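This report walks through one protein chain, part by part. Please look over the sequence and the structure below before reading on.

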Amino acid sequence: MKYRTISILVLAIILTLGCTKKEELESNNMEQIYKEFGVPVEISKTKPASFFIELPFSATLTNLYQSSASAMIGGRIEKVLVKVGDYVEKDQVLITFPEDAPAAQYKQAKAGFELAKSTYDRMKNLYEIGGISLQDLESVQTQYKVAAANFDASSQMLKVRAPISGYVTAVNVRETESVRAETQLVTIAQRGKMKARIWANEAEIYQIKRGQKATAIWKDKEIIGEVVEVSSSKDMMRMAFDVDLVFDDKDAICKSGVIADIKIHVYENPTALLVPRKIISTDEKGKFVFVVNNDKAEKRYIKIGEENDYIEVLSGLNINDAVVVKGYNKLSNGMKVKVIR
């Protein structure tokens with residue numbers, strides 16, 4: 001048993017030495033092949049390309065110019081005069097309440113106005129023939145103006161008007177329905193512009209500037225805009241900085257109130273030289289890549305800029321340089337290479 005164990009051990013040593021010799025032989029053969037024919041590599045020619053950095057956010061898109069008409073009194077809706085999609089002019093009547101609505105006191109205001117007007121007209125005629133003094137006429141005129149203002153205010157309570165010109169995007173009530181004062185009845189918006197507000201943290205706000213390009217994407221539909229306002233102080237409730245954006249939407253692609261993916265272009269270089277992140281190596285002198293020059297590997301030190309999936313090269317490379325993108329891990333400066341692709 002003892003001799004058998006020793007034999008197995010000797011055999012294992014012989015096999016190990018044999019494998020080592022084989023590996024050394026293969027390694028020497030590969031080195032000889034590389035020396036004679038060159039290390040096989042794949043290259044990519046550098047050329048100017050558009051390069052940009054985006055910060056992603058999510059936000060609600062609403063019409064830039066949008067306003068709601070609200071009830072000034074509580075009570076029953078008599079007429080709804082518009083529907084979603086209608087275009088309305090500023091001050092156009094949208095909804096009416098009945099004239100006997102208690103809160104408006106419309107009939108009382110109307111009677112007071114008519115009496116004041118009749119009195120003013122009569123006193124004006126008397127003044128013109130010298131029947132009363134100017135002071136008496138002015139006193140009656142003042143009462144008439146007050147009555148007219150009261151009647152107008154009462155009328156506005158019963159007739160809800162459009163605060164701006166635009167398209168009706170929402171009608172929140174129906175005829176005969178009862179509402180409370182200050183209830184939002186109709187929403188009106190002007191098409192063509194959308195707005196959004198995003199919240200940025202300290203690292204993000206440092207990169208965001210007014211005028212930077214932005215995109216909003218909703219259901220594969222994209223609209224272009226820009227940053228219009230950047231807060232200089234943090235909202236302590238949200239612990240973030242608010243940033244306002246405006247987008248062009250002249251074709252009414254997006255609906256007001258939808259949640260969209262927002263991307264702010266914080267950096268852009270339309271003529272950048274780019275290299276894959278993985279091919280960059282580092283030594284004591286800095287970052288470098290290998291370039292094929294006269295069938296030899298040239299170690300080229302580079303200065304890098306911004307980065308995403310690729311690295312922006314600020315210096316060290318020129319247009320049409322043959323940068324090694326595969327096989328670079330087998331290279332050293334001056335080695336012979338064989339470009340296979």
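## The second largest pocket

In this predicted model, the second largest pocket has a volume of about 220 Å³. Its lining is made up of Ser44, Lys45, Thr46, Lys47, Ala49, Leu273, Leu274, Val275, Pro276, Tyr310, Val323 and Val325. Three elements each give two or more residues to this lining: β1 (39-45), β15 (259-276) and β21 (322-326). The greatest share comes from β15, with four residues.

Sorted by class, the lining of the second largest pocket holds eight nonpolar residues, two polar ones and two charged ones.

## Tyrosine 310

One of the residues lining the second largest pocket is Tyr310. Tyrosine 310 belongs to strand β20, which covers residues 310-315. Its relative accessibility is 41%, so tyrosine 310 counts as partly exposed.

Apart from neighbours within four places in sequence, tyrosine 310 is in contact with Phe51, Leu274, Val275 and Pro276. Leu274, Val275 and Pro276 also appear in the lining of the second largest pocket. Lysine 278 lies 32 residues from tyrosine 310 in sequence, and the C-alpha atoms of the two are 8.9 Å apart in space.

## The largest pocket

The largest pocket encloses about 260 Å³ of space. It is lined by 15 residues, and those nearest its centre are Thr169, Arg191, Cys254, Lys255 and Ser256. By class, the lining of the largest pocket splits into seven nonpolar, five polar and three charged residues.

Strands β9 (166-171) and β11 (184-200) each supply at least two residues of the lining of the largest pocket. Of the elements that contribute, β11 gives the most, with four residues.

## Nonpolar cores

The largest nonpolar core has 33 residues, and Leu94, Ile95, Phe97, Leu185 and Val186 have the most contacts inside it. At least two residues of this core come from each of β7 (93-96), α2 (106-128), α3 (134-158) and β11. Strand β11 thus has a part in this core and in the lining of the largest pocket. A second, separate core has 28 residues, including Phe57, Ala214, Val243 and Ala260.

Which residues does leucine 94 touch, not counting those up to four places away in sequence? They are Ala69, Lys79, Val80, Leu81, Val82, Val88, Val160, Arg161, Ala162, Val186 and Ile188. Of these, Val186 is also among the residues with the most contacts inside the largest nonpolar core.

## The chain as a whole

The secondary structure of the protein chain consists of four helices and 22 strands. The radius of gyration is 40 Å, well over the 20 Å that the globule rule gives for 341 residues, so the chain is more spread out than a compact globule. Along its principal axes, the C-alpha trace spans about 140 × 60 × 35 Å.

Of the 341 residues, 34% count as buried. Among contacts with a separation of 6 or more, 74% join residues 24 or more positions apart.

## Two residues with positive phi

Most residues other than glycine have a negative phi. Methionine 239, which is not a glycine, has a positive phi of about 55 degrees. Methionine 239 sits in the loop between β13 (221-230) and β14 (241-249). Its relative accessible area is 46%, so methionine 239 is partly exposed.

Aspartate 295 is not a glycine either, and has a positive phi of about 65 degrees. Aspartate 295 is found in the loop between β17 (286-293) and β18 (296-301).

Key:
Residues numbered from 1 in each chain as written. Predicted model: local features only at pLDDT ≥ 70, side-chain atom pairs only at ≥ 80, totals over all residues. Heavy atoms only, no water. Buried < 20%, exposed > 50% of the residue type's maximum accessible area, 1.4 Å probe, protein only. Contact = heavy atoms within 4.5 Å. 1 Å grid on protein atoms, 1.4 Å probe; cavity = no way out; pocket = protein on both sides within 12 Å on 5 of 7 lines; lining within 4 Å. Points joined across faces, edges and corners; volume = space filled by probe spheres on them. Nonpolar A, V, L, I, M, F, W, Y, C, P; charged D, E, K, R; others polar. Core = buried A, V, L, I, M, F, W, Y, C linked by side-chain atoms within 4.5 Å. Rg over C-alpha atoms; globule rule 2.2 N^0.38 Å.
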